[in-house]
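Please open the model in your viewer and keep the sequence panel beside it, since this tour moves from one selection to the next.

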Amino acid sequence: SVPATPTAVYSPALVPTRTQAPDLLAQWATYTSSTYNVTLRYPGAWSKDPRYTLPNQERYVGPDGFFQVAAASAASLDAAANSEANHPLHPYGTHPTITAFRLNGQDARLILPSSDQPAEMAGQAALIVVSPKPITLGSESYPYLVLWADQGHLKEIESTLVVGGTPHE
């Protein structure tokens, strides 16, 4: 007699289904500020932090991160980045890195924290970019937009960032 040969049985339940990964940004909300001349996208689950109540001070937070925009003034973009990165309170740790690059044709600086960044900073990194038109807050005018965000989301948020204009769809 011939030994029984196991027969491969096709069972759809055992076949891993490969679903298309949902577009991460599809579930993201849009933040627009005419004050800061900026538009960006952020995780839709985040909401405005009610503790930030001063005019032109908005911070959006979620269980996994945050972002906040601000303006800066300095003699140059590098001076603004150095001032931010090397603040006396070491918000980025003692050895943050500053990377120069261009964002949508504008000079920008990326500040990433060192491993000794204080835990209460929640992984904060910063992006400083030349604003095509000065940002006016009250009677003051500022040449640089500052985006603070947790390191885990900064790159994705940066990829949606439009400063001083309309998004290039």
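The tour below goes through a predicted model, with a few residues and strands to select in turn.

Begin by selecting His90, which you will find in the loop between helix H1 (77–85) and strand S6 (97–103). If you display its backbone torsions, you will see that His90 has a positive phi of about 50°, although this residue is not a glycine. Then turn on the surface: His90 is partly exposed, with a relative accessible area of 37%.

Next, select strand S6 together with strand S7 (106–112), the strand that follows the loop holding Asn104. S6 and S7 run antiparallel and are joined by 7 bridges. To see how the two strands face each other, pick Leu103, which stands opposite Gln106 in S7.

Now stay at this hairpin, in which 2 residues lie between the strands, and select Asn104 in the loop that leads from S6 to S7. Which sign does the phi of Asn104 have? The value is positive, near 50°, in a residue other than glycine. Is Asn104 buried or exposed? Asn104 counts as exposed, because its relative accessible area is 51% and the cut-off for that class is over 50%.

Finally, keep S7 selected and add strand S8 (residues 124–137), which runs antiparallel to S7 and is joined to S7 by 4 bridges. For a last selection on this pair of strands, choose Leu110, which stands opposite Leu127 in S8.

Methods: Residues numbered from 1 in each chain as written. Predicted model: local features only at pLDDT ≥ 70, side-chain atom pairs only at ≥ 80, totals over all residues. Heavy atoms only, no water. Buried < 20%, exposed > 50% of the residue type's maximum accessible area, 1.4 Å probe, protein only. Pairing = 2+ DSSP bridges.
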